[in-house]
Amino acid sequence: MNPFLDVALRSLAVYLFMFAAIRIFGKNQLSQLNAGDIVLLLLISNAVQNAMVGSNVSLEGGLVAALVLFGANFLVKKVIFKNPKIKSLVESDPVILIKDGIVDNVKMKEQEVSFDELEEAVREHGVEKIEEVRLAVLEVDGNISVISLNKENGSTNYTRRRRKFPRKSHK
């Protein structure tokens with residue numbers, strides 16, 4: 001077999017495995033990396049490097065592996081964008097955590113968002129009390145969006161905050 005085709009096929013197999021593994025373990029979007037996530041990514045990249053290039057340690061082999069990874073990622077993003085069914089399979093839906101000042105404790109538990117984390121997100125958006133939140137949404141990328149009613153001028157404030165940990169998916 002052609003050594004570069006071997007590298008390409010190995011790289012594609014590793015990409016698909018990693019894509020599936022991240023989805024299965026609930027980290028479909030890494031909104032903000034903590035120290036443990038960085039260590040995990042470094043160890044995984046080291047562990048799968050040989051699986052991608054095998055004994056081919058040439059510059060060309062590395063470039064082929066990188067090209068395949070970029071190409072596979074490009075194609076996956078195109079497919080997800082163009083096909084809503086595949087998008088819903090790969091990405092989870094936004095989840096409403098607070099509506100009109102009322103916390104949905106069932107959704108909080110399902111998504112593994114702590115009350116302290118939710119309160120922190122609300123405060124970071126300049127809202128003092130949960131009762132003042134019109135809507136708080138755990139977005140598909142792990143962000144918590146908060147919409148509040150500004151009582152002084154009746155306008156709506158909208159800002160976003162990144163979660164410390166990726167959200168858990170329940171599809």
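**Notes on a predicted model**

1. Let's start at a spot on the outside: Asp 100 is exposed, with a relative accessible area of 53%. The cut-off for calling a residue exposed is over 50%, so Asp 100 earns the word at 53%. Asp 100 is found in the loop between β1 (95–99) and β2. The backbone here deserves a look too, as Asp 100 has a positive phi of about 50° although it is not a glycine. Keep in mind throughout that this is a predicted model.

2. Now the overall layout. The protein chain has six helices and five strands, and reading along the sequence gives the pattern α-α-α-α-β-β-α-α-β-β-β. The chain has 171 residues, and 32% of them are buried. As for contacts with a separation of 6 or more, 61% come from residues 24 or more positions apart. The accessible surface comes to about 11000 Å², and carbon and sulfur atoms account for 63% of that.

3. Two helices from the early part of the pattern. Helix α1 covers residues 3–24, and its 22 residues reach 31 Å from first C-alpha to last, close to the expected 32 Å. At its start, a side-chain oxygen of Asn 2 comes to within 2.7 Å of the backbone nitrogen of Phe 4. The buried residues of α1 are Val 7, Ala 8, Ser 11, Val 14, Tyr 15, Met 18, Ala 21 and Arg 23. Helix α3 takes up residues 59–82; its 24 residues reach 35 Å, close to the 34 Å expected. Here the buried residues are Gly 61, Ala 65, Val 68, Ala 72 and Ile 80.

4. Which residues touch the most other members of the largest nonpolar core? They are Leu 97, Ile 98, Val 113, Leu 118 and Val 133, out of 16 residues in that core. The elements giving two or more residues to this core are β1, α6, β3 (133–138) and β4 (143–149). A second, separate core has seven residues, among them Val 14, Met 18, Val 53 and Ala 65. Val 14 and Met 18 are on the buried list of α1, and Ala 65 is on that of α3.

5. Ile 98 is a good place to click if you want to explore the largest core. Setting aside neighbours within four places in sequence, Ile 98 is in contact with Val 103, Leu 118, Val 122, Ile 130, Val 133, Arg 134, Leu 135 and Ala 136. Leu 118 and Val 122 from that list are buried residues of α6.

6. Is Ile 96, also in β1, buried or partly exposed? Ile 96 is partly exposed, with a relative accessible area of 40%. With neighbours within four places left aside, Ile 96 is in contact with Asp 104, Lys 107, Leu 135, Ala 136 and Val 137. The C-alpha atoms of Ile 96 and Ala 136 are separated by 6.0 Å, although the two are 40 residues apart along the chain.

7. From Ile 96, step across to Asp 104, which lies in the loop between β2 (102–103) and α5 (105–111). Asp 104 is partly exposed at 29% relative accessible area. Not counting residues up to four places away, Asp 104 touches Ile 96 and Leu 97. Its side chain also reaches the backbone nitrogen of Val 106 at 3.2 Å.

8. Helix α6 has two sides worth telling apart. Glu 117, Leu 118, Ala 121 and Val 122 are buried. Seen down the helix axis, these buried residues fall within an arc of 140°, so they line one face of α6. That fits the usual geometry: an α-helix has 3.6 residues a turn, so residues three or four places apart point the same way. On the other side of α6, Asp 116 and Arg 123 are exposed.

9. Don't skip Glu 117 on that face. Why does Glu 117 count as buried? Its relative accessible area is 11%, and the limit for buried is under 20%. The C-alpha atoms of Glu 117 and Ile 144 are separated by 9.7 Å, with their positions 27 residues apart along the chain.

10. Last, the backbone on either side of α6. Glu 112, in the loop between α5 and α6, has a positive phi of about 55° although it is not a glycine. After α6 comes Gly 126, whose phi is positive as well, near 80°.

Terms used
Residues are numbered from 1 along each chain as its sequence is written. This is a predicted model: local features need pLDDT of at least 70, side-chain atom pairs count only at pLDDT 80 or more; totals for chains, interfaces and linings use all residues. Side-chain values use heavy atoms; hydrogens and water are left out. Helices (H or I, at least four residues) and strands (E, at least two) are DSSP runs, numbered from the N terminus. The expected span of a helix is 1.5 Å times one less than its number of residues. Buried means under 20% relative accessible area, exposed over 50%, partly exposed in between (1.4 Å probe, protein chains only). Contact means heavy atoms within 4.5 Å. A polar contact is a pair of N or O atoms within 3.5 Å; within protein, one must be able to donate a hydrogen and the other to accept it, and residues adjacent in sequence count only if both atoms are side-chain atoms. The arc is that of the directions from the helix axis to the C-beta atoms. A nonpolar core is a set of buried Ala, Val, Leu, Ile, Met, Phe, Trp, Tyr and Cys residues joined through side-chain atoms within 4.5 Å. Accessible areas come from the Shrake-Rupley method with a 1.4 Å probe; for residues, only the protein chains shown count as cover.
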